[in-house]
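I opened my notebook to look this structure up piece by piece. The entries follow in the order I made them.

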Amino acid sequence: MVKTLDDAERIVILSGAGLSTAAGIPDFRGPEGLWTRDPYAELVSTLSWYLRDEDVRKAAWRRRADPAAWAARPTRAHRAIVELERQGRLRAIVTQNTDGLHQLAGSSPELVHEVHGSMRTWRCEMCGRTGPMEEMVDRVHAGEKDPRCPFCGGVTRATVILFEEVLDPAVLEASVAAVEDCDAMVAVGTTLGVYPVAGLFPLALEHGALGVIANASETAFDDEADEVVRGRLDDTLPALLGTPDVQ
């Protein structure tokens, strides 16, 4: 077992909503979260409601087409993780976020495991065809309130995991494999309270990895971590990862 993060050569980053909120994306469950301010928003994230209720789908597409949803940009913390990859010390990124900011910052897509899916692609529920979300957003801006699949006319949606859906087994398996192979895990911007992803932190510890937590508030595993860092992620994460010069 490595004794410090500086010695680690196979680091897994486990990222959560705190990394996204620092980029200007509101969370769901917090005091100012989307579900807190607008309970109707939770219906948009529930599969059965989305499939059967046209008004719910229209509300979902209004949110997806909102320019504010696409205005967020990677932060210094995201870029610190990219630099870690350039140093050859990043084993994988396991993220609960659906915003695609890790890839936008420059992280290799094959290293990013999006456990809850992605807002940046769409999928048809009938034929399974997919494409970049920009295609559908352009159609909404052109006046379509509930854009259908251009191939079969089926209901379309973002490839984000909704309530009542199971997580993608392939993504979970890849995440577990990375965790079992790492020599250090850094949980970033997550309270480690949402399972099954939260269970990856103790799994890493069980396999002998160093456990580090960087989060603004307390987490469920602070007492078990080897190191806990509080503060703004843009300030703390570059120093923690040994990439303090990243801008």
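Entry 1, naming. I take helices and strands as DSSP runs, at least four residues for a helix and at least two for a strand, numbered from the N terminus. The model is predicted.

Entry 2, proline 26. I looked up where proline 26 sits, and found this residue in the loop between α1 and α2 (34-37). Is proline 26 buried or exposed? Neither: its relative accessible area is 40%, so I note it as partly exposed. I then checked proline 26 against alanine 178. The two are 152 residues apart in sequence, and their C-alpha atoms lie 29 Å apart.

Entry 3, the annotated cysteines. I turned to the UniProt record, an unreviewed entry. Its "binding site" annotation covers Cys124, Cys127, Cys149 and Cys152. I asked how these positions lie in space. They are spread over 29 residues of sequence, yet they cluster, with a largest C-alpha distance of 8.5 Å.

I took cysteine 127 next. The loop between β4 (117-124) and β5 (130-132) holds cysteine 127. Its relative accessibility is 36%, so cysteine 127 counts as partly exposed. Which residues does cysteine 127 contact, leaving aside neighbours within four places in sequence? I found Cys149, Phe151 and Cys152.

Cysteine 152 came after that. I located cysteine 152 in the loop between α8 and β6 (156-160). At a relative accessible area of 33%, cysteine 152 is partly exposed. Not counting residues up to four places away in sequence, cysteine 152 touches Cys124, Met126 and Cys127.

Entry 4, a helix pair. I looked up α5 (residues 54-65) and α8 (residues 133-141). Their axes come within 9 Å and cross at roughly 105°. Angles of 65 to 115 degrees count as roughly perpendicular. That is why I write α5 down as roughly perpendicular to α8.

Which residues meet here? From α5 I listed Trp61, Arg64 and Ala65. From α8 I listed Met133, Met136, Val137, Val140 and His141. By class, this contact of α5 with α8 has six nonpolar residues, one polar and one charged.

Entry 5, the nonpolar cores. I went to the largest nonpolar core, which has 26 residues. Those with the most contacts inside it are Leu5, Ile13, Val186, Leu237 and Leu241. Which elements give two or more residues to this core? My list reads β1 (11-15), α6 (76-86), β2 (90-95), β7 (184-188), β8 (210-214) and α11 (233-240). The most comes from α6, with four residues.

I followed valine 186 further. Not counting residues up to four places away in sequence, valine 186 touches Leu5, Ile11, Val12, Ile13 and Leu14. Valine 186 also touches Val212, Leu237, Leu240 and Leu241. Apart from this core lies another, of 23 residues, and among them are Ala92, Val94, Val115 and Cys182.

Entry 6, helix α11. I asked how many of the eight residues of α11 are buried. The count is six, and α11 is mostly covered. The buried ones are Leu233, Asp234, Thr236, Leu237, Pro238 and Leu240. I looked for what covers them. The cover includes α1 (17-21), α6, β7, β8 and β9 (227-229). Last, I checked the chain just after α11. There, glycine 242 takes a positive phi of about 75°.

How values were computed:
Residues numbered from 1 in each chain as written. Predicted model: local features only at pLDDT ≥ 70, side-chain atom pairs only at ≥ 80, totals over all residues. Heavy atoms only, no water. Axes fitted to C-alpha atoms, helices over the stretch in contact; angles between N-to-C directions. Parallel < 35°, antiparallel > 145°, perpendicular 65-115°, else oblique. Contact = heavy atoms within 4.5 Å. Nonpolar A, V, L, I, M, F, W, Y, C, P; charged D, E, K, R; others polar. Core = buried A, V, L, I, M, F, W, Y, C linked by side-chain atoms within 4.5 Å. Buried < 20%, exposed > 50% of the residue type's maximum accessible area, 1.4 Å probe, protein only. UniProt positions renumbered as here; feature names shortened; annotations may be inferred.
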